[in-house]
Amino acid sequence: MQAFEYARPSTVQEAVSLLGNSWEDANLLAGGTDLLSLMKDYIHTPKRLVSLKGIKELEGIRKSAGGLRIGALVTLEELLRNPDVRKEYPSLAAAARGVASPQMRNMGTVGGDLCQRPRCWYFRLGFGLLAKGPNGESLVPSGDNRYHAIFNNRGPAYFVSASSFGPPLVALGATVNLVSPSGTRELPVEKFFVAPATENARENVLAPNEILTEILVPPAAGVRNATYEVRQKMALDYPLATASVALRMRGNTVASARIVLGHVAPVPWRAQAAEKALTGKTLNAAAIEEAAKAAVQGATPLSMNGYKVQLASVAVKRALEEAAQART
Amino acid sequence: MKKKKPEPGVTRRGFIRGVGLGSGVAGAGILETEAAAAPAVQVVGPGPAQVTLKVNGKQHTLNLEPRVTLLDALRDHLNYTGAKKVCDRASCGACTVIVGGKAVYACNMLAIEAQGQDIQTVESLSSGNKYHPLITAFVENDAQQCGFCTPGFVMAAKAFLEQNPNPTYEEVKAGLGGNLCRCGTYIGLRNAVLQAAKQMKGAANG
Ligand SMILES: Cc1cc2nc3c(=O)[nH]c(=O)nc-3n(C[C@H](O)[C@H](O)[C@H](O)COP(=O)(O)OP(=O)(O)OC[C@H]3O[C@@H](n4cnc5c(N)ncnc54)[C@H](O)[C@@H]3O)c2cc1C
């Protein structure tokens, strides 16, 4: 990797002041599990790394009446072991458990997971986020697109959002705090992820001089939530398709539903037709079946990833079945 | 670096930040555009800087560029060659060492970030012809074929057993989920960890 300067501030303010206005100036280093790989491949070539590891205020999980506060530096392992997460947010625990490597869970942070770059192999091989070939057209539609998007894939972006935590956090209505020299903004996780329209844009709204400091998840009381992941391998790989659900119940009736698919679009993908199909229904096998079908309505698979349509539908079905059995 | 027009209401400091790096910096940063005013955070590199690592109980002071990973520091600068460099992308486990009691991939941790913590490598598990129960168990259970992934598996297993002294087969399987063996000796590996668990408990009780 290219040589760089290194700084280890102890406050968010110091960290922000060490960043620059372009991604080439400085990058934030959390667990390093994604960033250092990108740097070894010269996909990221920052002149400076600003380590977050010395910043105490970015640590810790705290539950209050307002919900759950997860510091950006909380590791996936800490999240998985947290009793409140296990009990009230099974959809987050499942996402953490899905990253099956203990070493990855010990090093990787929740903030880093949300900010990790897409795994699209064109991107990772240096063709850029929009995977453009010599004549400016995306290589994905006519290339090897088996792991690419089946929704929101009419270009220019075809990759899938990589984070396992995106979908459950969107389903739970979580927000993130972003701090930059001009202050703090709080944003729904749903608005944090974006499908880039140009090669200079990114897959989220972070500015180069901005730090994701914490994640705020609303209280889970009365919210049945679950995540189901379909994976080809049991470890050291990403899911093929996932579904996260959060259901507010009135007795046995679904008062409101959020159903979010993962690894099927450049962003965590709200399956609004499925949400609508389920709302007002009794949560039984027939309603679940109908929602699972509705979830993949309008999918536009590419030449090699039609299989994902069925996987996503099954993921919705199984996530809803799990939520139906939950007691909250 | 592209210059941006200052927006209305932006201070000079903010503007300078807009065209370069922030200024909360002390030392000889290559990128500053303004002398440090407020918080002084030390910036080191890109050239070598002093890095102190505590490996298997012993302190070593090295002069390393910040880009040197813990794995390269161990192998190339300290001659601890047990941890192996295979994928070098946090995707195989051959470089697993224990830092601060936790199994980590040494390939994706900067050496400079591992300072102030206990670093354990596979070399710490034998002295002379005395072996840690895990090593004996690996031999007795045919837990390797070519052996290249072995040091990583042994260290992952050690960290796992410290957290789970009495594991089931399924727990061992999950506990080794961060390591790959291309020879496919997983059955032997899992049995070795179960055997070591029994022996280590026996030792603790005895
Ligand atoms: C083999 C393998 C399998 C994996 N499987 C999965 C999986 O199934 N699901 C999944 O979700 N992930 C998976 N991962 C990814 C892994 O979880 C992430 O690499 C990890 O969580 C990133 O966290 P980190 O702290 O190491 O981030 P880093 O590598 O330190 O940083 C990642 C990026 O985020 C930026 N960043 C980090 N923290 C912040 C912050 N607080 N504010 C702003 N920017 C920040 C960095 O600048 C960098 O660009 C896998 C990775 C590998 C190698």
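This talk walks through a predicted model with chains A and B, moving from strands and helices to the cores.

Let me begin with chain A, and with two strands that lie early in its sequence. Strand β2, residues 26–29 of chain A, pairs with strand β3, residues 48–51 of chain A, and the pairing is parallel and runs over four bridges. If you would like one pair of residues to look for on the screen, A:N27 has A:L49 in β3(A) as its bridge partner. To get from β2(A) to β3(A), the chain passes through helix α2 of chain A, residues 35–40, and this β-α-β crossover is right-handed.

Next, please look at the open sheet of four strands in chain A, where the order is β9-β10-β11-β12 and the pairing is antiparallel. Which strands stand at the edges? They are β9 (223–230) and β12 (269–270) of chain A, and because each has a single partner strand, one side of each is left without a neighbour in the sheet. Within this sheet, strand β10, residues 241–250 of chain A, and strand β11, residues 253–262 of chain A, pair over nine bridges in the antiparallel sense, and here A:R248 has A:S256 in β11(A) as its bridge partner. As general background, the strands of a sheet pair through backbone hydrogen bonds, either parallel or antiparallel.

Staying with chain A, we come to helix α5, residues 90–98. Why can we call this helix largely enclosed by the rest of the structure? The reason is that seven of the nine residues of α5(A) are buried, and those buried residues are A:S91, A:L92, A:A93, A:A94, A:A95, A:A96 and A:G98. Take A:S91 from that list: its relative accessibility is 1%, and buried means under 20%, so A:S91 counts as buried. Setting aside neighbours within four places in sequence, A:S91 is in contact with A:P168, A:L172, A:N225, A:A226 and A:T227.

Now let us turn to chain B, whose secondary structure comes to six helices and nine strands. Of the 206 residues in chain B, 47% are buried, and the accessible surface of this chain comes to about 10,200 Å², with 51% of that belonging to carbon and sulfur atoms. Among the contacts in chain B with a separation of 6 or more, 49% are between residues 24 or more positions apart.

One residue to find in chain B is B:L74, which lies in helix α2 of chain B, residues 70–77. Is B:L74 buried or exposed? B:L74 is buried, with a relative accessible area of 0%. Apart from neighbours within four places in sequence, B:L74 is in contact with B:V55, B:N79, B:Y80, B:V97 and B:T121. From B:L74 to B:T150 there are 76 residues in sequence, while in space the two are 17 Å apart, C-alpha to C-alpha.

Finally, we come to the nonpolar cores. The largest one has 76 residues, and those with the most contacts inside it are A:I215, A:V217, B:L53 and B:L70. This core draws at least three residues from each of domain 1 (5–54) and domain 2 (223–325) of chain A, and the C-alpha centres of these two domains lie 36 Å apart. Looking at B:L53, and leaving aside neighbours within four places in sequence, we find contacts with residues including B:H60, B:L70, B:A73 and B:I119. A second, separate core has 36 residues, among them A:A243, A:V245, A:A271 and A:V296.

Key: Residues are numbered from 1 along each chain as its sequence is written. Chains are lettered from A and ligands numbered from 1 in the order in which they are written. This is a predicted model: local features need pLDDT of at least 70, side-chain atom pairs count only at pLDDT 80 or more; totals for chains, interfaces and linings use all residues. Side-chain values use heavy atoms; hydrogens and water are left out. Two strands pair if DSSP finds at least two bridges between them. A crossover is right-handed if, with the strands pointing away from the viewer, the path from the first strand over the helix to the second runs clockwise. Buried means under 20% relative accessible area, exposed over 50%, partly exposed in between (1.4 Å probe, protein chains only). Contact means heavy atoms within 4.5 Å. Accessible areas come from the Shrake-Rupley method with a 1.4 Å probe; for residues, only the protein chains shown count as cover. A nonpolar core is a set of buried Ala, Val, Leu, Ile, Met, Phe, Trp, Tyr and Cys residues joined through side-chain atoms within 4.5 Å. Domain bounds come from an automatic or database domain assignment.
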